[in-house]
Amino acid sequence: RSKESGGRRVSRFSPDMDQALRHRLQLEVELREAIGTDQFGMVYQPHFDRRRNLKGYEALLRWNHPTRGAISPSVFVPLAEDSGLILALGEQVLRQVFEETRDWRGVTVAVNVSAVQLRARGFAAQVMRIMAAAGANPRGYEIEVTETALLGDDQETVNNIDALKRMGFAIALDDFGTGFSSLNVLQRFSVDKIKIDCSFVAALGAGRGSEALIEAIVNLARGLDMVVVAEGVETEAQWDHLVKAGCRQFQGHLLGRPQPVSTINRALPDQRRASAA
Ligand code: C2E
Ligand code: MG
Ligand code: MG
Ligand code: MG
C-alpha cells in the first residue's frame, strides 16, 4: 500500500502512481474541508423479513462533492480512516442519523461505525451523549461493525462494544465472510446479527460454492442465536434461494434502494411492506 512508501520514494513511482497519490492527497484536503458542511448527508436503505414486511433501515453516508459529484463511501471512508478524519465525520453521521430518525417508530435504524471509531477511548459514551442531545433512544438502533474491526485484542474496542450493548444498542457484524477468523470473533463478542456480504449473494448460481457457504453461515448463526441478513439481493432467484436457505432479513435493490429521509418520512408509517418490485 502507498502508506508504507515515505515521501522521498515518491519520485521512484511511475508518473501514473504519482498522479494517483496526488489525487488522493487532494481528495483528503477536500474531505477535511467538507466535514461539518452539508456536502455530507445520509440515505436510508430498507430491509425486510421473509414475508417482505419492513423491519428497518440502514443509514448510508453520501458525499455530494460540489465539483466532482457524488463520491462513494467505499472511496472516501478508507481515506477518512487513514487520515483520522473518520472521527469527526463519524460524529457528524451519528448526530445526523439520530436527529433525522428520532421519531421513527416500529423500525430499527442501523448505523455503520468504523474500526477507528470503535478503538477510540470513550466512543460509546460519545454515542450516548450525541443520542441524548438528539432526544433519541438506543432501543431500535443497531451499530454495524465489520468483523475485521473486532479482530485482535483491542481493549477499547471490547469496552466500547460492551458499553453499547449495555446501553441497548444491537450489534450487527457487517460484510461477514470477507474478513479473517470470523469464528473466534463470534465467540468473543455476542453480536446480535450477521450480515452476509453482497459478494456471496452475487455469486449464487455461479458454481463457486456460495450456496454451501451461505448454508454454513445460517447454521452457525442459528446455533448462536443470531439473525442472518442477506445483503445485495438483486433478483427474485436470489431472494428464493436465500429464503429457503433460512436467512431472516433481506436488503438489496430488488427490495428497495437507499432513499433520502424526506421520502421515508412521507411513507412511514404506511410503508410496512416492500413495494412489489
Ligand atoms: P455496507 O455497510 O456493507 O453497505 C451496503 C452497501 O451495499 C451500500 O453501499 C449499499 O448501497 C450497497 N447495496 C445495497 N443494495 C445493493 C444491491 O442490491 N446490490 C449492490 N451491488 N449493492 C447494494 P454504499 O452505500 O456505497 O456503502 C459502501 C460501504 O461504505 C458500506 O458497506 C459501509 O462499509 C461504508 N459506509 C457507508 N456509510 C457509512 C458510514 O456512515 N460510516 C462508515 N464508517 N462507513 C460507511
Ligand atoms: Mg453496513
Ligand atoms: Mg455489508
Ligand atoms: Mg460493505
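# Two magnesium ions, one ligand, no disulfides

Glu30 counts as buried, at 16% relative accessibility. Buried means under 20% relative accessible area, exposed means over 50%, and partly exposed lies in between, with a 1.4 Å probe and protein chains only. Glu30 sits in helix 1, which spans residues 15–34. Its side chain meets that of Arg68 in a polar contact of 2.8 Å. A polar contact is a pair of N or O atoms within 3.5 Å; within protein, one must be able to donate a hydrogen and the other to accept it, and residues adjacent in sequence count only if both atoms are side-chain atoms.

This is a predicted model: local features need pLDDT of at least 70, side-chain atom pairs count only at pLDDT 80 or more, and totals for chains, interfaces and linings use all residues. Residues are numbered from 1 along each chain as its sequence is written, chains are lettered from A and ligands numbered from 1 in the order in which they are written, and side-chain values use heavy atoms, with hydrogens and water left out.

## The chain as a whole

The chain has 11 helices and 10 strands. Both are DSSP runs numbered from the N terminus: helices are H or I, at least four residues, and strands are E, at least two. A compact globule of 277 residues would have a radius of gyration near 19 Å; the chain has 19 Å, which agrees. That radius is taken over C-alpha atoms, and the globule rule is 2.2 Å times the number of residues to the power 0.38. Along the principal axes, the C-alpha atoms fill a box of roughly 55 × 45 × 40 Å. Of the 277 residues, 47% count as buried.

Leu79 lies in helix 2, residues 73–83. Leu79 is buried, at 4% relative accessible area. Its C-alpha is 6.8 Å from that of Glu28, although the two residues are 51 apart in sequence.

## The magnesium sites

Four residues coordinate the magnesium ion (ligand 2): Glu58 (OE), Asn112 (OD1), Glu144 (OE) and Asp174 (OD), at 2.0 to 2.3 Å. Donors are N, O and S atoms within 2.8 Å of the metal (3.2 Å for Na, K and Ca); water is not among the atoms, so sites may look incomplete. Along the chain, the donors of ligand 2 follow the spacing E-x53-N-x31-E-x29-D. Within this set, Asn112 and Asp174 link distant parts of the chain. Asn112 is in strand 4 (residues 108–112), Asp174 is in strand 6, and 62 residues separate them.

The magnesium ion (ligand 3) has the protein donors Asp174 (OD), Asp175 (OD) and Glu231 (OE), 2.1 to 2.3 Å away. Their sequence spacing is D-D-x55-E. Here too, a pair links distant parts of the chain: Asp175 in strand 6 (residues 170–176), and Glu231 in the loop between strand 8 (227–230) and helix 10 (236–245), 56 residues apart.

Which residue coordinates both ions? Asp174 does, and the ions are 4.4 Å apart.

Accessibility varies among the donors. Four of them are listed here.

| Donor residue | Class | Relative accessible area |
|---|---|---|
| Asn112 | partly exposed | 29% |
| Asp174 | buried | 7% |
| Asp175 | partly exposed | 25% |
| Glu231 | buried | 9% |

## Ligand 1

Ligand 1 has 22 residues around it; Gln45, Arg62, Asp174, Glu234 and His253 come nearest. A residue is near a molecule or strand if one of its heavy atoms lies within 4 Å of it.

Some magnesium donors also approach ligand 1. An N or O atom in the Glu58 side chain is 3.0 Å from an oxygen atom of ligand 1. The side chain of Asp175 likewise places an N or O atom 3.0 Å from an oxygen atom of ligand 1. Leu61 uses its backbone: an N or O atom there lies 3.0 Å from a nitrogen atom of ligand 1. Taken alone, ligand 1 exposes 810 Å², and the protein buries 81% of that. Accessible areas come from the Shrake-Rupley method with a 1.4 Å probe; for residues, only the protein chains shown count as cover.

## Cysteines

How many disulfides does the structure hold? The count is 0. A disulfide is a pair of cysteine sulfur atoms within 2.5 Å. The closest cysteine sulfur to that of Cys198 is in Cys247, 13 Å away, so the pair is too far apart for a bond. Their surroundings differ in cover: Cys198 is partly exposed at 36%, whereas Cys247 is buried at 0%.
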